[in-house]
Amino acid sequence: MTIAIAGGALDAAGTGGRRWLAEWQLALPLGLAFTGFFLAPLLILAVVSAFDDEQITRIGFAQWIKFLGDPFYWKVIFDTLKLGLLTVGATVLVGYPLALVYLGARPALQRILLFIVVLPLLTSVVVRTFAWIVILGREGVINGVVMALGLAPAPLRLLQTEFGLVLALTQIEMPLMLLPLLSVMSRIDPNLMSASAALGALRWRTLFRVILPLSVPGLMGGCLLVFASSTTAFISQSVIGGARLVYLPLLIWQQSLVVYNWPLASVAALTLLISVTACIAAISLIGRKIARHVDG
Amino acid sequence: MGRRMSVADISYVLAIGGLATVALTILVGPVVIVLLTSFGDSQSLKFPPPGLTTKWYEALFDASQSRQIHRAAGNTLWVAGCATAGAILFGTLAALGLARSRSRLARIADTAFMSPLVLPGLAFGLAALMYFTFLGLRPSLELIMLGHAVVIVPFVLRTASASLSQLDPALLESSASLGASWLYTLRRVTLPIIAPGIVAGGFLAFIASMDNVPVSLFLAGPRSDMLPIRLWGMMESTLDVRVAAVSGIMVASVLGLMLIMERLVGLTRRMRD
């Protein structure tokens, strides 16, 4: 009875169809859960950061002042964002050419390539990080090759260096770059490429004048995901980077679970949240600018 | 293609082909190396290992030696199963609710529900720990489930929405004009068509929960140990080669599951689109 009435009311409101509730209401359960268990905790983060003491009794901005007044913390922020940008750069450098190969491959090969891209993504981050310890270690794969070829007098130090970490993150994050890229690439009309070639354009020219502009949305999507993921990759950062390389995630973990200074941990977490969001906004803004430029 | 390749074209093939080879090596190499290491008899992760052995797997399956790992693995599977069930239910409902709405509010809600994918998970993990503590709740598997469910919902939401956007509205209209109720249409038309998308999304959500570190790191306690956190501990303290054996099992199971999912629902294509 009530169902019929509700349906009639909706029809009168012009939503069409016979429904016993408005369609958008189906999103309510998730909306409530999301508010209660995602937005509310994030709000608590902001509240806790505005307390002076570790017991969370005195309101004040002492922790913010301490954090933002200390060059050490600024360096940590800078290093974290730099790590994200380096990883984005490395994944674009090798990932984009792989996407080009995918674009030109036959369907059967495309399916294999896609499988190869997805497999590492579904393999636990811990497993992938562990693999890089084996690769980068003193007696690891790279040093084995280097020593065998006599390229260096002593094993190279790769673990606990920024270079080693970026190398590892390049593998760990590359699927996130490739999936949006392949998605956009597979929608590019192949006739455009053949037309460009038939008109005598060199492959480089076709790449920069046809393929690259059309793949900007996928490239930006990939950059966004890789940046977001690499800046918060706590396990990889702490295991491969070690204690010598301090990034915001390590700081958050130390302050909250080792030192138990929740206000300072909240300040660090909010700083991570805000700076990553700002960079993501900047990346997508640039992406939209370029896309508009291409269209116009 | 009768045209001869110019020097510039050769440089293109070499540069792009070379970089793509590097990319493929970087993607596949580590997975292969983990598998080889798990059968290697070196204590110090020397590679290539001097000989082959299955002792790490034997140690891993030994109930008395690896009880804690077994418990952590059990917890992780249980949490992932429950969190995925919740994510599928709530995510599918939300996808149905938002799919055909063009309103501004619906777009904002959609963006918000997807935001756990890009927002730093660690910030949310800490936030959840403080939130639950202030509510007077102690760390438990149920809280980890809740936290995981929120961050894995985007996977279901994305694939379900993608399937819905490909659903022909004419099907729904003809079903309605033939007198079928909304619920009947949902059960007999909409759900069967979007089911593969939901399964694919659910699989990705399950893997994401199994793999989750940022939330588990803060919400796991002595009684609610999670596998990734335990493995991390094993890597940080002494380099325990059993990590390689666990990794080997995880790689093998993911590979198997992926092949099944590829058959069932065309998983990789859905991930690309």
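This passage describes the cavity, aromatic pairs, salt bridges and selected backbone features of a predicted two-chain model.

The model is predicted, and local features were accepted only at pLDDT of at least 70 and side-chain atom pairs only at pLDDT 80 or more, whereas totals for chains, interfaces and linings use all residues. Residues are numbered from 1 along each chain as its sequence is written, chains are lettered from A and ligands numbered from 1 in the order in which they are written, and side-chain values use heavy atoms, with hydrogens and water left out.

Enclosed space was examined first. Rolling a probe the size of a water molecule over the atoms shows where empty space is left. A cavity is here a set of points, on a 1 Å grid over the protein atoms alone, where a 1.4 Å probe fits but cannot get out, and its lining residues have an atom within 4 Å of a point; grid points are joined across faces, edges and corners, and the volume is the space filled by probe spheres set on the points. On this basis 1 cavity of 30 Å³ or more was counted, and the largest cavity has a volume of about 30 Å³. Its lining is drawn from both chains, with Thr123(A), Val127(A), Arg128(A), Ala131(A) and Gln171(A) on one side of the list and Pro30(B), Val31(B) and Val34(B) on the other. Two or more lining residues come from each of helix 6 (125-136) of chain A and helix 1 (7-38) of chain B, where helices are DSSP runs (H or I, at least four residues) numbered from the N terminus. By class, the lining comprises 5 nonpolar, 2 polar and 1 charged residues, with Ala, Val, Leu, Ile, Met, Phe, Trp, Tyr, Cys and Pro taken as nonpolar, Asp, Glu, Lys and Arg as charged, and the others, Gly among them, as polar.

Over all chains, the structure holds 14 aromatic pairs, defined as rings of Phe, Tyr and Trp (its six-membered ring) whose centres lie within 6.5 Å, with planes under 30 degrees apart counted as stacked, over 60 as edge-to-face and the rest as tilted. One of these pairs joins Phe37(A) and Phe132(B), and it is classed as tilted because the ring centres are 6.3 Å apart and the planes stand at 40°. This contact crosses between chains, from helix 2 (residues 28-49) of chain A to helix 5 (residues 121-134) of chain B. Burial was assigned from relative accessible area (buried under 20%, exposed over 50%, partly exposed in between; 1.4 Å probe, protein chains only). Phe37(A) is partly exposed at 26%, whereas Phe132(B), at 5%, is buried. An aromatic cluster is formed by Phe34(A), Phe38(A), Phe113(B) and Phe124(B).

Helix 5 of chain B, which carries Phe132(B), is mostly covered, with 12 of its 14 residues buried; among them are Phe124(B), Met130(B) and Tyr131(B). The expected span of a helix is 1.5 Å times one less than its number of residues, and the 20 Å separating the end C-alpha atoms of helix 5 of chain B agrees with the expected 20 Å. Just after this helix, Gly136(B) takes a positive phi of about 85°.

Salt bridges (a side-chain nitrogen of Lys or Arg within 4 Å of a carboxyl oxygen of Asp or Glu) number 3 over all chains. In the bridge between Lys75(A) and Asp79(A), the closest N and O atoms are 2.7 Å apart, and both residues lie in helix 4 (residues 71-104) of chain A, 4 residues apart, about one turn of the helix. Lys75(A) is partly exposed at 49%, whereas Asp79(A) is buried at 14%. Lys82(A) and Glu162(A) form a bridge with closest N and O atoms 3.3 Å apart, and this pair links distant parts of the chain, from helix 4 to helix 8 (residues 162-185) of chain A, 80 residues apart. Lys82(A) is partly exposed at 33%, and Glu162(A) is partly exposed at 24%. In chain B, Arg230(B) bridges to Asp225(B) with closest N and O atoms 2.5 Å apart.

Positive phi values near 60° occur at Ile56(A) and at Gln160(A), each a residue other than glycine. Ile56(A) lies in the loop between helix 2 and helix 3 (62-68) of chain A, and Gln160(A) in the loop between helix 7 (141-148) and helix 8 of chain A.

How values were computed: On a 1 Å grid over the protein atoms alone, a cavity is a set of points where a 1.4 Å probe fits but cannot get out, and a pocket is an open set with protein on both sides within 12 Å along at least five of seven lines; lining residues have an atom within 4 Å of a point.
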